[in-house]
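Work through the exercises below with the sequence and the coordinates open. Each task is followed by a solution in steps.

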Amino acid sequence: MPHVVVLYSGNLDAAMAEHGADMPTYCRRTADALLAVRDEQDRQVFPTGGVRVLAYPAAHFAVADGSGDFGFIYVQLRMGRGRSAAVHQRAGEALAGAARQHFAPLMAHRKLGLTVQIDEGQEVFDAKLGNLHPMFSKA
Amino acid sequence: MPHVVVLYSGNLDAAMAEHGADMPTYCRRTADALLAVRDEQDRQVFPTGGVRVLAYPAAHFAVADGSGDFGFIYVQLRMGRGRSAAVHQRAGEALAGAARQHFAPLMAHRKLGLTVQIDEGQEVFDAKLGNLHPMFSKA
Amino acid sequence: MPHVVVLYSGNLDAAMAEHGADMPTYCRRTADALLAVRDEQDRQVFPTGGVRVLAYPAAHFAVADGSGDFGFIYVQLRMGRGRSAAVHQRAGEALAGAARQHFAPLMAHRKLGLTVQIDEGQEVFDAKLGNLHPMFSKA
């Protein structure tokens with residue numbers, strides 16, 4: 001955590017690249033936006049080594065009633081339990097701000113849905129087994 | 001919302017195409033099935049501009065005990081909170097009916113798992129930022 | 001159920017293959033690990049015909065602060081409701097053990113996050129429509 005997954009219709013890749021709204025840059029911007037979120041005590045909310053954004057163009061898709069070449073981008077953040085409503089709101093605004101800014105040039109040319117959501121993980125088992133987290137842990 | 005994600009084993013794409021059960025057509029049929037769902041007051045349940053179906057063949061996979069070239073198709077609908085059990089049932093039957101009908105020719109030739117589920121979103125933040133929804137909103 | 005989805009950064013595929021930690025083998029090992037989980041009465045927890053592992057390399061991604069070519073592997077098991085905490089723990093240890101063992105050679109060469117989680121499904125509709133399950137059902 002925090003774990004961001006972006007699911008989007010595969011018809012958008014070419015248009016994103018054409019209009020300066022490419023997905024690799026969006027992933028980086030979204031990770032940076034999350035890293036900048038602070039809680040009420042001005043502490044960094046998301047540990048650096050836990051931030052990841054993974055984006056998947058859908059091979060096959062259908063949007064709305066199919067009456068046009070519509071697109072969809074769905075951004076989902078899963079974060080740990082127990083954060084305050086204020087932190088949820090700040091994280092959501094960070095995500096929404098990054099998405100709005102990055103995809104504005106695309107929306108000037110295309111009709112698309114763009115939804116940003118945050119879920120709290122409700123896992124019954126959790127194990128962190130990697131070697132990345134310790135690189136960024138404070139001494 | 002409603003948000004349908006289809007995750008399936010990548011060994012099925014060729015067989016789907018061969019037996020007239022291709023995934024692009026399934027996505028469209030599923031979207032149409034959802035658009036046709038009505039509530040107890042005979043109102044359309046899912047707003048047209050919010051319907052999307054995104055399908056992802058898995059690059060790598062394992063099914064059951066690996067004793068055959070089995071496949072799996074998992075269809076998940078995420079819908080908004082607060083709908084009645086009757087609406088859940090109607091949406092589920094619409095999804096299941098579309099899947100059963102579309103994949104029947106495939107199942108005549110292949111062993112596969114086919115699961116359809118509906119989850120209610122429990123998001124703690126939600127923002128709709130696109131320009132598609134307004135196209136379909138009633139005046 | 002049980003439904004395992006593996007989401008990982010696409011920069012790992014080549015390194016996985018190079019270091020004997022390829023994803024197709026991991027999927028099979030994970031399925032086998034789940035099939036071997038027993039409950040308190042020594043019964044198989046997960047029905048053979050319901051086990052599937054689907055793995056997706058992300059086309060686009062960002063990890064941590066981007067200061068290196070980091071990777072991420074996220075393993076999520078969704079299982080049915082109502083299992084005991086002991087069964088959750090056993091299933092989690094099976095998943096974590098398979099991941100730790102399989103990816104150890106990769107982590108000797110790469111910095112990556114590796115998270116394993118289990119969620120209990122909270123679905124409001126569920127239909128199993130395939131023809132695979134009956135092959136493995138007891139008479």
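The exercises concern a predicted model and go from one chain to the contacts between chains.

**Exercise 1. Describe the fold of chain A: how many helices and strands are there, and in what pattern?**

Step 1. Chain A contains four helices and six strands.
Step 2. Along the sequence these elements follow the pattern β-α-α-β-β-β-α-β-β-α.
Step 3. Taken along the principal axes, the C-alpha atoms of chain A fill a box of roughly 55 × 30 × 30 Å.
Step 4. Chain A has 139 residues, and 48% of them count as buried.
Step 5. For contacts in chain A between residues at least 6 apart in sequence, 81% join residues at least 24 apart.

**Exercise 2. Find the operation that superposes chain B on chain C, and state which residue of chain B comes closest to its axis.**

Step 1. The operation is a rotation of 120 degrees, with 0.0 Å of shift along its axis and an RMSD of 0.0 Å.
Step 2. This is the relation of a three-fold axis.
Step 3. In chain B, Tyr56(B) comes closest to the rotation axis, with its C-alpha at 4.9 Å.

**Exercise 3. Analyse the contact between chains B and C. Which element gives the largest share of the side of chain B that touches chain C?**

Step 1. The contact involves 33 residues of chain B and 34 residues of chain C.
Step 2. The elements of chain B that give two or more residues to this side include β1 (3–9), β4 (71–79) and α3 (85–107).
Step 3. The largest share, nine residues, comes from β5(B).
Step 4. Sorted by class, the side of chain B that touches chain C has 19 nonpolar, nine polar and five charged residues.
Step 5. β5(B) also pairs with β6 (residues 125–128) of chain C, in the antiparallel sense and over four bridges. In this pairing, Gln117(B) has Asp126(C) as its bridge partner.
Step 6. Only 3% of the interface residues of chain B are also interface residues in chain C, so the copies meet through different surfaces.

**Exercise 4. Repeat the analysis for chains B and A. Which element gives the most to the side of chain B that touches chain A?**

Step 1. Here 33 residues of chain B are in contact with 33 residues of chain A.
Step 2. At least two residues each are supplied by β1, α2 (23–35), β2, β6 (125–128) and α4 (133–136) of chain B.
Step 3. The most comes from α2(B), with seven residues.
Step 4. The side of chain B that touches chain A divides into 19 nonpolar, nine polar and five charged residues.
Step 5. β2(B) pairs with β3 (residues 60–63) of chain A in the antiparallel sense over four bridges. Arg52(B) is the bridge partner of Val63(A).

**Exercise 5. Trace the open sheet built around strands of chain A, and say which strands stand at its edges.**

Step 1. The sheet has six strands in the order β6(B)-β5(A)-β4(A)-β1(A)-β2(A)-β3(C), with mixed pairing.
Step 2. The edges are β6 of chain B and β3 (60–63) of chain C; each has a single partner strand, so one side of each is left without a neighbour in the sheet.
Step 3. From one strand to the next, the twist averages 10 degrees.
Step 4. At the β3(C) end, four bridges join this strand to β2 (residues 52–58) of chain A, and the two run antiparallel. One bridge partner pair is Arg52(A) with Val63(C).
Step 5. Helix α2 of chain A lies across β1 and β2 of chain A together with β3 of chain C, at about 25 degrees to β3(C).
Step 6. Helix α3 of chain A lies across β4 and β5 of chain A together with β6 of chain B, at about 160 degrees to β5(A).

Notes:
Residues are numbered from 1 along each chain as its sequence is written. Chains are lettered from A and ligands numbered from 1 in the order in which they are written. This is a predicted model: local features need pLDDT of at least 70, side-chain atom pairs count only at pLDDT 80 or more; totals for chains, interfaces and linings use all residues. Copies are superposed by least squares on the C-alpha atoms of residues with pLDDT of at least 70 in both. Two residues are in contact if their C-beta atoms, placed from the backbone, lie within 7 Å. Ala, Val, Leu, Ile, Met, Phe, Trp, Tyr, Cys and Pro count as nonpolar, Asp, Glu, Lys and Arg as charged, and the others, Gly among them, as polar. Two strands pair if DSSP finds at least two bridges between them. A residue is buried if 20 or more other C-beta atoms lie within 10 Å of its own, exposed if 12 or fewer, and partly exposed in between; C-beta atoms are placed from the backbone. Axes are lines fitted to C-alpha atoms, for helices over the stretch in contact, and angles run from 0 to 180 degrees between N-to-C directions.
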